[in-house]
Every structure is written in structure tokens, then in C-alpha cells.
Amino acid sequence: MSSIIEELRKRGSMTSKPKQEIVCSSQKNTGLTALKNMSNGLGELNKESFEQQITAIGSRIIEETSKIYYEQTVEVLFLIDKSGSCKGTEMATCKSYDYLIAKEKKENFKTIVTNILFAEGQEEVTFRKDIKEVGSLDYKANGAWTALYDTVCISIQKILNAQKKDMNAPKKTIVAIMTDGCDNFPDDRKKYSCSDAKRAIEMAKKRGWEFIFLGAGEKAHTEANFLGIHPDNIARIDMSDEGMVANFLAIEKAIQSVRENGKVDSSWKKSIQNLSLESKDKAKQLKLELK
């Protein structure tokens, strides 16, 4: 029995948000009723039977806690444009990304992170790491082209292959694509077309993946539509310091909604629309560190 108590102590950090977890459990009927039934009549049992029942209850609690923890695990794939036209946003991008990661680290649930910076090629900063192991972003906008289609296809396929081999792969995956423009990689150099990228996204969506597209310029919605991303999951972004903060606040909101509901909530881009006061205030705070 002492081993169960120790196990529960180890898992204590997973259960420090009782309201949210109880709602999730009760909605999915994951065993709260069974635990209640198991606890009935404990006072009438002899010592041996009492200890056996307590052990059974402890095991069930561990099982249910693990299930809730697993269901709330999210895999996040960042695809961030680092082409030369993004120059001037480096510090704001780094600070905003770091802020998001720091905030997510405080969550009681596991988050798996992949971060790929792209221009004419792909720079794998982080690949499927526990968020607790993710460090500060070093980002330089020095690429010559924007190989968006190649990046989408290569990255999705690599994550899908890894997840297929991973017995503990999260059930929830969200991809955040952030670019200041459209694919402009020369046709004679690119490996994949827009149609290929759209097929890759559709394949991932069939596995339950969610996609959000944050693009600058008038063609952002057009590009995302070509890729088959739902209009509600597309946002036109501002490349200012305040804009970059708003972008990552929006991504954070999208991650949280996927964790809780399995889908991107329609309000995820509120911080981007008209640059909300929250994003402006946060930008002012971060600007103090950008100097």
C-alpha cells in the first residue's frame, strides 16, 4: 500500500487543476462513478479487506489520473519563416516564442514540441522534445527564399513517421505555420508542389491534426486556402513587435483549445485582430527586454 501512496505523490503535479480534470473525466465517464462505488461500505470491512479495497482504489486513481494526463498531452509543430523579408522581427520573435514556451512549461500536462525554421531549406531547431527540455530560440531571418510547400510536406511526413513508431504518441497534434509571404521557391528547385502540400495536410487532418496559418500580406488567406486550411484557422498578421507578441499569444490560445477540446477554438486569433490590449501590454513588457 505504501508503494501506491508513493506513486500518487509522484503524480501529484498532474492533478493540481481539479476543476478542469473532473469535468473531463465526468464527461467521458472515465471511472469516477466506479471509484465512488468502490469506496462505499469501507467502514464495515475487516482490516484485511479494508487494505485490499484501499489498494484497489489507489490503483484505479493512478489509472484514471494517467488516462487524463495522456488525453491532455499535445504535440505542437512550429513552422516559422526565416526568409530575409522577415528581417527586423528577430528579437520580437525570439522573446514572444520564449514567453509562450515558458508559459506552457507551467502547465501540468505534457507538451511535445518540434520547431522548424524555414527559408530555402529547413532548420530543425527542436524535434519532438518534451517542452521542459526546450530552450530559448535563436532566430535569424537570413534566408533567400520561402520554400513553404517543401517545408510542409517534409515536416508533416517526418512527424507522422515518428508518431507511428511511438507507442505513447499524443492523440492531439497542432501545426502552427507562420510566414510573411507565399511560397516563392523556384519550381526547378522545389521537391513538392502546392497540391502535394495540400494532400499532406489533408492526410494529417484525417489523423485528427489541427492547423493554423498566420500569414502577412494580402495573399495570406489565398495561400492558406490553397493548402486546404479552414478560413477560421487563418489569421493575417502584423510583422511589428506588437504583432509578433499577438501572434504567439494566439498560438498559445490555439494550443490550449486543442488540449481541452481537441479543436482550435474560433476565438484563438482574438489577440491578432486589431492587436488587442493584452498583446500591446505584453509587447511593452517584452520591449523592455528587447532594448
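How many bridges pair E4 with E5, and is the pairing parallel or antiparallel? Let me start there, since it takes us straight into the middle of the fold. E4 and E5 are joined by six bridges, and they pair in the parallel sense. One of those pairings puts Ile174 of E4 with Glu210, its bridge partner in E5. To get from E4 to E5 the chain goes through H7, and this β-α-β crossover is right-handed. Before I go on, a reminder that what you have on screen is a predicted model.

Okay, the sheet as a whole. It's an open sheet of six strands, in the order E3-E2-E1-E4-E5-E6, with mixed pairing. The edges are strand E3, residues 122-130, and strand E6, residues 234-236; each has a single partner strand, so one side of each has no neighbour in the sheet. On average, neighbouring strands here are turned by 10 degrees against each other, direction ignored.

Let's walk along it from the E3 side. E3 is joined to strand E2, residues 111-118, by six bridges, and those two run antiparallel. If you want a spot to look at, find Ile116, which stands opposite Glu124 in E3.

Next comes E2 with E1. Eight bridges join them, and they run parallel. Here you can pick out Ile80, whose bridge partner in E2 is Leu117. E1, H5 and E2 together make a β-α-β unit, and that one is right-handed.

A quick stop at that helix, H5, which covers residues 90-105 and includes Glu90. Is Glu90 buried or exposed? Glu90 has a relative accessible area of 16%, and the cut-off for buried is under 20%, so Glu90 counts as buried. Setting aside residues up to four places away in sequence, Glu90 touches Tyr139, Lys140 and Ala141.

Back to the sheet, and on to E1 with E4. Strand E1 is residues 74-81, and seven bridges join it to E4, again running parallel. Two places to check: Val74 stands opposite Lys172 in E4, and Glu75 stands opposite Thr173 in E4.

Now, how covered are these strands? In E1, eight of the eight residues are buried. Val74, Val76, Phe78 and Ile80 point one way, while Glu75, Leu77, Leu79 and Asp81 point the other way, and all are buried. For E4, residues 172-179, the count is again eight buried out of eight. There, Lys172, Ile174, Ala176 and Met178 point one way, with Thr173, Val175, Ile177 and Thr179 pointing the other, and all of these are buried.

That brings us to H7, the helix on the way from E4 to E5. H7 has 13 residues, 194-206, and at 1.5 Å a residue it should span 18 Å; the C-alpha atoms at its ends are 19 Å apart, which agrees.

Which residues of H7 are buried? They are Cys194, Ala197, Ala200, Ile201 and Ala204. They all sit on the same side of H7, because they cover an arc of only 125 degrees around the axis. Think about the spacing: an α-helix has 3.6 residues a turn, so residues three or four places apart point the same way. And what do the buried residues of H7 pack against? Their partners are helix H6 (148-165), strand E5 (210-215) and helix H8 (220-226). Turn to the face away from the buried side, and you find the exposed residues Arg199 and Lys206.

Let me zoom in on one residue of H7, Ala204. Its relative accessible area is 0%, so Ala204 is buried. Leaving out neighbours within four places in sequence, Ala204 is in contact with Ile156, Trp209 and Phe211. You can also relate Ala204 to strand E4: Ala204 and Val175 are 29 residues apart in sequence, and their C-alpha atoms are 9.9 Å apart in space. Just beyond the helix, H7 is followed by Gly208, which has a positive phi, near 95 degrees.

So, to recap where we've been. We have six strands in an open, mixed sheet, with E1 joined to E4 by seven parallel bridges and E4 paired with E5 over six. And H7 carries the chain from E4 to E5 in a right-handed crossover. That's me done; over to you.

Notes:
Residues are numbered from 1 along each chain as its sequence is written. This is a predicted model: local features need pLDDT of at least 70, side-chain atom pairs count only at pLDDT 80 or more; totals for chains, interfaces and linings use all residues. Side-chain values use heavy atoms; hydrogens and water are left out. Helices (H or I, at least four residues) and strands (E, at least two) are DSSP runs, numbered from the N terminus. The expected span of a helix is 1.5 Å times one less than its number of residues. Buried means under 20% relative accessible area, exposed over 50%, partly exposed in between (1.4 Å probe, protein chains only). The arc is that of the directions from the helix axis to the C-beta atoms. Contact means heavy atoms within 4.5 Å. Two strands pair if DSSP finds at least two bridges between them. A crossover is right-handed if, with the strands pointing away from the viewer, the path from the first strand over the helix to the second runs clockwise. Axes are lines fitted to C-alpha atoms, for helices over the stretch in contact, and angles run from 0 to 180 degrees between N-to-C directions.
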